[in-house]
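The exercises that follow are meant to be worked with the sequence and the coordinates side by side. Each task is followed by a solution that goes step by step.

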Amino acid sequence: MTEAVEYDVVVLGAGPTGENVADRVRAGGLSVAVVESELVGGECSYWACMPSKALLRPVITRADARRVPGVRQAVQGPLDAEAVLAHRDAYASHWKDDGQVAWLDSTGARFYRGRGKLHGPRTVVVEGPEGEHHVLTARHAVAVCTGSRALLPDLPGLSGAKAWTSREATSAHAVPGRLAVVGGGVVGVEMATAWQALGSRVTLLVRGDGLLPRMEPFVGEHVADALVEAGVDVRLNTDVSAVVRDGGTGPVTLVLGNGDRVEADEVLFATGRAPRTDDIGLDTVGLEPGRWLPVDDSCRVEGSEWLYAVGDVNHRALLTHQGKYQARIAGAAIVARSQGVPLLETDRWGAHAATADTVGAPQVVFTDPEVGAVGLSLAEAEAAGHRVRAVDQDLTSVAGAGLYADGYRGRARMVVDLDREVLLGVTFVGPGVGELLHSATIAVVGEVPIERLWHAVPSYPTISEIWLRLLEAFRG
């Protein structure tokens, strides 16, 4: 069966980003079709944010409880791995998308399940189940929201080794006795944290000289120390040169650059992301398949009047919440352009500019200790040419930290633009700091002057009193 239909907007990809683009343009009165070849809800719902945090929440809760007198002795036993995995399954909706399909339908969007590809300007061809064939044309815009996938290195033996990527690491139904994790970024450290606590003997192999290299150096040091204390074998400055797993079953051996070998029952490669743009027909509109799609601040692809790239595919900020933010911006821009309304792109904080991607994108890493960071690190601020000063404080300087946990360890840094006396970035590392981050995000994105922050009084005795200590240190 072949169907040809015209919509105002066609969205490729029904993850959180695509869902939000559809919702925003529908709210603006436009008709929209959404195409998805896998599960509505995307990577975040089934293989990333939700299942990974469901795995980590029991781990962090037990760790926090063990630091509190009167509770410590009650939580000395192992985690109930079966219960944790069942909890994870529930948060991943058992890998069924009925609920999200129902929500998408409720917005008034038309959902097409199948593989969608561009077929020239403003046209998407969908190959659906049971031979269904749909030709969708867009009056105003096509939005590519296909996200990213795990990037595996080109190593001898890897292709047949059935290695885990982030998908297998968040959806596995058994705890491996030994797990090797390759990569010291967010996925690597979070999954090392989770599976070690669930009973695996984890070896973390990192090419560089520290963990979480895109953050302030002290962050990786705190996380590495904690992983080692938890029993993880952390090896820095370590290259993997080959993978050996005969027939893709049984133990896997990693051959290291120095000739050593690491044997494990499973291996996770957490070595980066690549855009899902290799098979969506970019060549039919003059673009190179498999590449990230550069965009302007309204998320419209450079050089195009109708093609948008929203979320991971544009490589601005590979975070679910930033993809949803971009979707709100792009949706508003598509509606405005369809109505001939002048865009507010000249206002960097206007309705049609995704400025926060580069100025104030927040991120939490759910390890033990947690990490929260927003804006620029000291090195990034200096490289951008700002005249800055970093202000550091030990989180144990506030009473709230000691009340939160015996032996609390953590650190905070704010990076101050000395010419404007506003914050360019803030970083926290320590138990429970993820909930501190939104105050920092408001300070950075709102460009709140230091002199005004001085009047934002933190409650006593909370960990947020660290704001007072940071400001006191800056003001002397």
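Two strands are taken to pair if DSSP finds at least two bridges between them. The model used throughout is a predicted one.

**Exercise 1. Determine the strand order of the open sheet that contains β14, and find the bridge partner of Ala-180.**

Step 1. The open sheet has four strands in the order β10-β9-β8-β14, and their pairing is parallel.

Step 2. The edges are formed by β10 (233-235) and β14 (266-269), each of which pairs on one side only. On average, neighbouring strands of this sheet are turned by 15 degrees against each other, when direction is ignored.

Step 3. Strand β8, residues 178-182, runs parallel to β14 and is joined to it by four bridges. Within β14, Val-267 is the bridge partner of Ala-180.

**Exercise 2. Describe how helix α7 is placed against the sheet strands and against helix α8.**

Step 1. Helix α7 lies across β8, β9 (201-205) and β14, and its direction makes an angle of about 165 degrees with β9.

Step 2. Two packed helices are described by the angle between their axes and the distance between the axes. For α7 (residues 186-198) and α8 (residues 217-230), the angle is about 20 degrees and the axes are 11 Å apart.

Step 3. Since angles under 35 degrees count as roughly parallel, α7 and α8 are therefore roughly parallel to each other. The crossing in which α7 passes α8 is left-handed.

Step 4. On the α7 side the contact is made by Val-189, Ala-192, Thr-193 and Gln-196, and on the α8 side by Val-223, Leu-227 and Ala-230. Sorted by character, the residues of this contact comprise five nonpolar, two polar and no charged.

**Exercise 3. Decide whether Val-262 and Leu-424 are buried or exposed, and list their contacts beyond four places in sequence.**

Step 1. Val-262 belongs to strand β13, residues 261-264. Its relative accessible area is 5%, and because buried means under 20%, Val-262 is buried.

Step 2. Outside its sequence neighbourhood of up to four places, Val-262 touches Thr-203, Leu-205, Arg-235, Val-252, Thr-253, Leu-254 and Leu-256. Val-252 is ten residues away from Val-262 in sequence, and their C-alpha atoms are 8.3 Å apart.

Step 3. Leu-424 lies in strand β21, residues 422-430, and with 8% relative accessibility Leu-424 counts as buried.

Step 4. With neighbours within four places left aside, the contacts of Leu-424 include Val-359, Val-374, Leu-376, His-386, Asp-417 and Val-444. Leu-424 and Glu-380 are separated by 44 residues in sequence and by 9.8 Å from C-alpha to C-alpha.

Definitions and conventions: Residues numbered from 1 in each chain as written. Predicted model: local features only at pLDDT ≥ 70, side-chain atom pairs only at ≥ 80, totals over all residues. Heavy atoms only, no water. Axes fitted to C-alpha atoms, helices over the stretch in contact; angles between N-to-C directions. Helix = DSSP H or I, 4+ residues; strand = E, 2+ residues; numbered from the N terminus. Parallel < 35°, antiparallel > 145°, perpendicular 65-115°, else oblique. Left-handed = near helix turned anticlockwise from the far one by under 90°. Contact = heavy atoms within 4.5 Å. Nonpolar A, V, L, I, M, F, W, Y, C, P; charged D, E, K, R; others polar. Buried < 20%, exposed > 50% of the residue type's maximum accessible area, 1.4 Å probe, protein only.
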